[in-house]
Structure formats: structure tokens, C-alpha cells
Amino acid sequence: MKQTTVKYLKEYVGETVQLQGWLYNKRSSGKIHFLQFRDGTGTVQAVAAKADVDEALFEQLRSLTQESSIRITGEVREDDRSPGGVELTLGTCELVQQAVDYPIAKQAHGPDFLLNHRHLWLRSQKQWATIRVRHEVVRAIRDFFDERDFVLLDAPIFTPAACEGTSTLFEVNYFDDKAYLTQSGQLYQEAGAMAHGKVYCFGPTFRAERSKTRKHLTEFWMVEPEMAYYDLDMVIDLAEAFVCFIVERVLANRRQELGILERDPAALEKITGPFARITYDEAIELLQKAGSEIQWGGDFGAPDETMLGDHFGKPVFVHHWPTEVKAFYMKQDPDNPKVVKAVDLIAPDGYGEIIGGSQREDDLDVLEGKIEEHNLPKEAFEWYLDLRRYGSVPHGGFGLGLERMVAWMCGTEHIRETIPFPRMLYRIYP
Ligand code: 4AD
Ligand code: MG
């Protein structure tokens with residue numbers, strides 16, 4: 001007998017196959033059992049009618065509980081009404097382990113309960129679909145850069161200094177010294193870009209975010225490309241092509257998952273370039289007209305981002321930000337020192353900022369001044385300043401937050417569902 005997985009059942013119509021997995025759900029009457037069987041690759045309905053199977057098996061199925069592990073055999077039948085196009089006529093069922101009182105029942109649970117049971121919640125359909133979209137987005141990210149001659153340059157997790165401001169640093173003991181968990185691999189990518197031209201890193205980053213919002217994790221994954229001889233416009237062009245590429249891949253390969261998530265593909269199909277590009281000044285004018293209290297110099301609040309997203313109905317680039325709200329390493333605009341050559345990409349539907357990037361300050365004196373102004377320890381940045389001493393060139397890059405991208409793709413309300421084991425202000429278990 002052929003052993004296979006739910007994913008490949010269609011190739012076995014008319015044959016008897018073996019599957020191994022778990023009982024996802026069961027509906028029974030006195031005469032028939034409908035098993036929802038899952039094996040990780042998908043779910044399929046297996047049907048056992050009293051008239052067709054022996055009595056011992058029919059009785060065994062009666063007592064089979066949710067999430068028990070089972071090996072089953074059955075004949076594959078075409079069935080147009082089922083989502084996978086096939087059904088199974090159950091032949092045998094071998095119990096591997098009987099699960100007693102699976103905690104996640106079919107009724108609704110609150111988020112705390114579900115997050116406490118995240119190790120089990122991952123098995124639920126929507127969670128299963130979300131992680132598979134995440135996988136697709138990760139693959140698209142790697143392919144995009146690998147196909148464009150970028151070199152993967154892994155950044156360290158332990159760092160001696162801040163990259164994105166000192167207020168969200170996680171401090172750890174490092175032997176007799178202190179170190180910080182990385183907030184961003186960017187500074188190291190800048191070194192990499194001077195060695196390889198175009199590089200990227202993709203890994204976990206950490207921010208001690210005290211805010212409890214639907215967009216913030218304390219541990220999240222960021223992909224950060226960095227390119228030598230790129231100005232801000234080139235950075236924006238690349239970011240636009242990148243986001244379109246990911247959206248296309250999700251639409252091409254994860255339709256089934258979007259269906260499970262009840263995410264209307266039409267909302268993603270309209271995400272094609274070009275995206276609008278507006279200056280921070282123009283954004284402030286738009287926001288004030290729309291009733292926001294924001295003043296020039298302020299950072300956008302979540303309602304501001306939502307407003308901008310709604311206004312354009314597509315992602316929108318906001319560039320040339322006030323120097324005070326942005327990081328020390330951003331390139332000062334030579335025509336207007338009040339602003340830096342920074343860009344944020346704001347996603348529609350309330351998903352907010354998904355990308356932050358900039359052209360970097362490549363002038364040694366200006367950069368030294370910025371480090372001082374930001375009260376950063378100069379010793380820790382000597383290596384970084386070397387990049388401006390030895391062959392400094394215009395360069396830039398950006399960072400995309402993986403979980404925010406996945407949340408937007410999936411239409412997920414809260415970012416915590418887009419990472420297998422979320423880390424947040426009051427959550428480090430399981
Ligand atoms: O805008 P940020 O802070 O930019 C940087 O870290 C730059 N060094 C990137 C670069 O130019 N190489 O963060 C980039 C993105 C944000 O746009 C957002 O998508 C995500 O990272 N992000 C978070 N995602 C989840 N939880 C948080 N606490 C996040 N903080 C930032
Ligand atoms: Mg940002």
C-alpha cells in the first residue's frame with residue numbers, strides 16, 4: 001500500500017493509501033462518522049459508514065478524540081464539494097496515541113488562553129495557514145535578493161551599541177561587560193556593502209518596546225538590504241519592486257491559505273507598482289486636512305498611518321523626514337539640514353509602517369557630529385566611522401519587518417499570530 005500525504009492525495013484517485021497524522025475534528029451520527037484528518041500538509045475528510053466498515057472499527061471511531069494521533073488507510077475518491085477535491089473512504093484506523101481532553105475546544109477562546117497554549121494553537125487551521133504564508137514570504141525575500149546578486153551577510157546578535165535609539169535596548173551581561181541584543185543589522189550591512197556591493201541580512205532583532213500595540217513585538221525578524229552607490233530614489237525603487245514581488249508570490253502560491261484566512265485576494269491583487277511617493281511635508285498637509293492633530297516635526301501615530309493608507313488605498317512612500325525623529329546615521333539633505341533622506345513605506349488597511357530605510361550619512365565630519373548630538377559612545381562607533389575614512393561612498397538600504405508584512409498579507413488583526421512563538425511586553429511563555 002502506498003504511504004502518502006494529504007497534499008498528494010489527488011494523484012491517487014481510485015487507489016487505497018495510508019496516511020499518518022491527527023484527528024482534527026469529528027462529526028458522527030449513529031450511522032456514519034466524518035473524520036477531519038490532518039497531517040501537516042493539509043486536511044481531508046475520511047468517511048466511515050456503519051454499513052461499509054466492520055463493527056469494531058465503527059465503535060473505535062466513536063471513542064476517538066480530538067487531536068489523537070492516528071494512522072489511517074482508505075480509498076481516495078474524487079469529490080468536487082471538498083476543498084482539496086478528494087475524500088477518503090476509511091478502511092482502517094490505527095490509534096498511535098489517544099489525546100485526552102485537548103484544551104483547545106471548538107468553541108471560542110480568549111487571546112490569553114490561546115497564547116498560553118501557543119504550542120497547540122499552531123495546529124489550528126488559521127494558525128497553520130498563517131505560518132505557511134510566513135514561509136512563503138521568507139522564501140520570496142531570499143529569492144528576490146539572491147536573484148539580484150545580493151550576498152547574504154549575517155549580522156551579530158550581541159552588539160556593543162544602539163542602532164535605533166537607546167530607549168528600546170535589551171541589555172545583557174557579556175562576561176565582565178555589557179552588551180545589547182541587536183535592534184538592527186544595518187550598521188554591519190554597511191560594512192558588508194563596502195566589501196560586496198550589495199548585501200542583506202535576515203534574522204531576529206530585538207526592541208524593548210513598552211508599548212502594547214497590535215504592531216509591536218519585542219523579538220521580530222527583519223530583512224535588511226544595503227547597497228553601495230545607491231541614493232534615496234534607488235533605495236525606494238528597490239523597496240517597491242521588492243514588496244510587489246512578495247505580494248505576487250503569495251498570490252501565486254498561497255491561495256488556499258488565503259482562503260482559510262478569509263483574506264480577499266482582490267485586496268492583494270491591486271498591490272502593483274508604482275506606489276505613490278510623497279514628502280513628509282505633503283503627508284503632514286494631507287493629515288492635517290483630514291483632521292489629524294499632528295504638527296510638523298512629529299512622528300506619525302497609528303491613526304495617522306491608517307489615514308494615509310486609506311487615502312492611497314495602496315502602500316505609500318513618505319520621504320524626507322525631520323532630522324529629530326530619525327536615527328543618527330541618516331543622510332542630511334544638503335539643501336535643507338532640517339530633514340534627512342529617510343523613507344517609510346506605509347501599508348494600507350491599517351497595517352502601518354512595514355519598511356523603514358534611508359540613504360546613509362557618508363561624510364565623516366557630519367556623522368561624528370551626529371553621534372555626539374545623539375549622546376552615543378564614540379568608542380563603540382570607531383569601526384563604523386572607519387567606513388567613512390576608507391573609501392566612503394553614497395549608499396543606502398532599508399529594513400522590512402517580516403511579521404508586519406505577513407500580518408498584512410494574511411489580513412491578521414494582531415501581529416502576535418504571525419510568528420510561531422511571539423515575544424511581547426508581558427509574554428515570554430511558552
Ligand atoms: O524603521 P526601523 O526601526 O528601521 C531600522 O531598523 C533600520 N535600521 C532598517 C534599515 O534601514 N536597514 O525598522 C524597520 C522595520 C519597520 O518598518 C517595521 O516593519 C519593523 O522593522 N519593526 C517592527 N516589527 C515588529 N515589532 C517591532 N517592535 C518593530 N519595530 C520595527
Ligand atoms: Mg521606522
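**Exercise 1. Contacts across the chain**

Among contacts between residues at least 6 apart in sequence, what percentage joins residues at least 24 apart?

*Solution.*
- Start with the source: this is a predicted model.
- Take the contacts in the chain between residues at least 6 apart in sequence.
- Of these, 66% join residues at least 24 apart.

**Exercise 2. The chain as a whole**

Describe the chain by its elements, extent, burial, surface and charge.

*Solution.*
- Elements: the chain holds 13 helices and 18 strands.
- Extent: the C-alpha trace spans about 85 × 55 × 40 Å along its principal axes.
- Burial: the chain has 430 residues, and 50% of them are buried.
- Surface: about 20,200 Å² is exposed, with 50% of it supplied by carbon and sulfur atoms.
- Charge: there are 49 positive and 67 negative charges. Their mean positions lie 7 Å apart.

**Exercise 3. A helix pair**

How do the axes of α5 and α12 cross, and which residues meet?

*Solution.*
- Locate the helices: α5 covers residues 186–196, and α12 covers residues 382–389.
- Check the axes: they come within 10 Å and cross at roughly 35 degrees.
- Assign the hand: the crossing of α5 and α12 is left-handed.
- List the α5 side: Gln 186, Leu 187, Tyr 188, Glu 190 and Ala 191.
- List the α12 side, which these residues meet: Trp 383, Tyr 384, Leu 387 and Arg 388.

**Exercise 4. Thr 205**

Is Thr 205 buried or exposed?

*Solution.*
- Place the residue: Thr 205 sits in strand β11, residues 198–206.
- Read the relative accessible area of Thr 205: 3%.
- Apply the cut-off: buried means under 20%.
- Conclude: Thr 205 is buried because its relative accessible area is 3%.
- Look at the surroundings, leaving aside neighbours within four places in sequence. Thr 205 contacts Thr 182, Gln 183 and Ser 184, along with Thr 218, Glu 219, Phe 220 and Met 222.

**Exercise 5. Phe 58**

Which element holds Phe 58? Why does Phe 58 count as buried? How many Å separate Phe 58 and Val 133 in space?

*Solution.*
- Place the residue: Phe 58 belongs to helix α1, residues 55–62.
- Judge burial: Phe 58 counts as buried because its relative accessibility is 1%.
- Find the contacts, again without neighbours within four places in sequence. Phe 58 touches Ser 29, Gly 30, Lys 31, Ile 32 and His 33. Phe 58 also contacts Ala 48, Ala 49, Lys 50 and Val 53.
- Take the separation: Phe 58 and Val 133 are 75 residues apart in sequence. In space they are 37 Å apart, C-alpha to C-alpha.

Notes. Residues are numbered from 1 along each chain as its sequence is written. Chains are lettered from A and ligands numbered from 1 in the order in which they are written. This is a predicted model: local features need pLDDT of at least 70, side-chain atom pairs count only at pLDDT 80 or more; totals for chains, interfaces and linings use all residues. Side-chain values use heavy atoms; hydrogens and water are left out. Helices (H or I, at least four residues) and strands (E, at least two) are DSSP runs, numbered from the N terminus. Buried means under 20% relative accessible area, exposed over 50%, partly exposed in between (1.4 Å probe, protein chains only). Contact means heavy atoms within 4.5 Å. Accessible areas come from the Shrake-Rupley method with a 1.4 Å probe; for residues, only the protein chains shown count as cover. Lys and Arg count as positive and Asp and Glu as negative; His and the chain ends are not counted. The place of a charge is taken as NZ of Lys, CZ of Arg, CG of Asp or CD of Glu. Axes are lines fitted to C-alpha atoms, for helices over the stretch in contact, and angles run from 0 to 180 degrees between N-to-C directions. A crossing is left-handed if the near helix is turned anticlockwise from the far one by less than a right angle, and right-handed if clockwise.
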